[in-house]
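Student: Could you take me through one part of this model closely? I would like to see how a single helix packs against its neighbours, and then what lies around it.

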Amino acid sequence: MTFPEQEVIKLIICYGTVKIDEHRSFTQYVLEQIEDIPFQTPLYAKMLDIIKSELNKGNITNENFFLTHQDEEIKNETINLVSEPYEVSVNWAKHGIDVPEEKDILPNIAYITILHLKWKNVQKKSDEIKKAIQKTINERELEQLQRVHMELKEIEMKIALELGNTVAK
């Protein structure tokens, strides 16, 4: 589940201080949306814990916070996350083609990234339930697991539809 986790951390690092409304920063908004989703990648889980801890102290983290962090792994990953591998050619503008910057479409990017993270999380839970179904011999427990599996599959399909995915595994 690395990519959605990586993208969530990147967005928080790059845009965490942006105000969503009078009372919330981008960091607060994202954390509200993903509060029940455990991160599977240890590095991103650690970075998310740091973000939450700092927010609880009243601090909103940014690029500089992580670029000067004492943990080398976090520093290096921050460099990878904030470095732009591509540059938009000036020729696009010459031809009247407007290429929006990430910050200009931040609400849309955040929504899709969070939805993708939720979709991956539901898929993971669904796979775990499927494995539990195969091992279960108790009839009552089997029925309950099948019901949960069906509910997760419905949620997965709704999210996939929202994301524009044509096939949900």
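**Helix α1 and its surroundings**

Tutor: Start with the residues that touch. In α1, Thr2, Glu5, Gln6, Ile9, Ile12 and Ile13 meet four residues of α3: Tyr44, Met47, Leu48 and Ile51. Sort this contact by class. It holds 7 nonpolar, 2 polar and 1 charged residues. Keep in mind that this is a predicted model.

Now the geometry. Two packed helices are described by the angle between their axes and the distance between the axes. Helix α3 covers residues 42–56, and its axis comes within 10 Å of the axis of α1. The two axes cross at roughly 30°. Angles under 35 degrees count as roughly parallel, so α1 and α3 are roughly parallel to each other. Their crossing is left-handed.

Next, turn to α7, the helix of residues 106–135. Here the axes of α1 and α7 are 9 Å apart, and the packing angle is about 150°. Angles over 145 degrees count as roughly antiparallel, so α1 is roughly antiparallel to α7. The crossing of α1 with α7 is left-handed. From α1, the contact uses Pro4, Glu5, Glu7, Val8, Leu11 and Tyr15. From α7 come Leu106, Ile109, Ala110, Thr113, His116, Leu117 and Lys120. By class, that gives 8 nonpolar, 2 polar and 3 charged residues. Look at Glu5 again. Glu5 takes part in the contact with α3, and Glu5 also takes part in the contact with α7.

Go back to α3 and follow it to another partner, α5. The axes of α3 and α5 are 11 Å apart and pack at an angle of about 95°. The range 65 to 115 degrees counts as roughly perpendicular, so that word fits α3 and α5. Leu43, Tyr44, Lys46, Met47 and Ile50 of α3 make this contact with Glu73, Ile74, Glu77, Thr78 and Leu81 of α5. The classes here are 6 nonpolar, 1 polar and 3 charged residues. Tyr44 and Met47 deserve a second look. Both meet α1, and both also belong to the contact with α5.

Last, the space beside these helices. The largest pocket holds about 510 Å³. It is lined by 16 residues, and the closest to its centre are Glu84, Val88, Pro100, Glu101 and Glu102. Two elements give two or more residues to this lining: α1 (2–15) and α5 (72–82). The largest share, 3 residues, comes from α1. What classes make up the lining of the largest pocket? There are 9 nonpolar and 7 charged residues, and no polar ones.

Put it together. Helix α1 runs roughly parallel to α3 and roughly antiparallel to α7. It also gives the largest share of the lining of the largest pocket.

Notes:
Residues numbered from 1 in each chain as written. Predicted model: local features only at pLDDT ≥ 70, side-chain atom pairs only at ≥ 80, totals over all residues. Heavy atoms only, no water. 1 Å grid on protein atoms, 1.4 Å probe; cavity = no way out; pocket = protein on both sides within 12 Å on 5 of 7 lines; lining within 4 Å. Points joined across faces, edges and corners; volume = space filled by probe spheres on them. Nonpolar A, V, L, I, M, F, W, Y, C, P; charged D, E, K, R; others polar. Axes fitted to C-alpha atoms, helices over the stretch in contact; angles between N-to-C directions. Left-handed = near helix turned anticlockwise from the far one by under 90°. Contact = heavy atoms within 4.5 Å.
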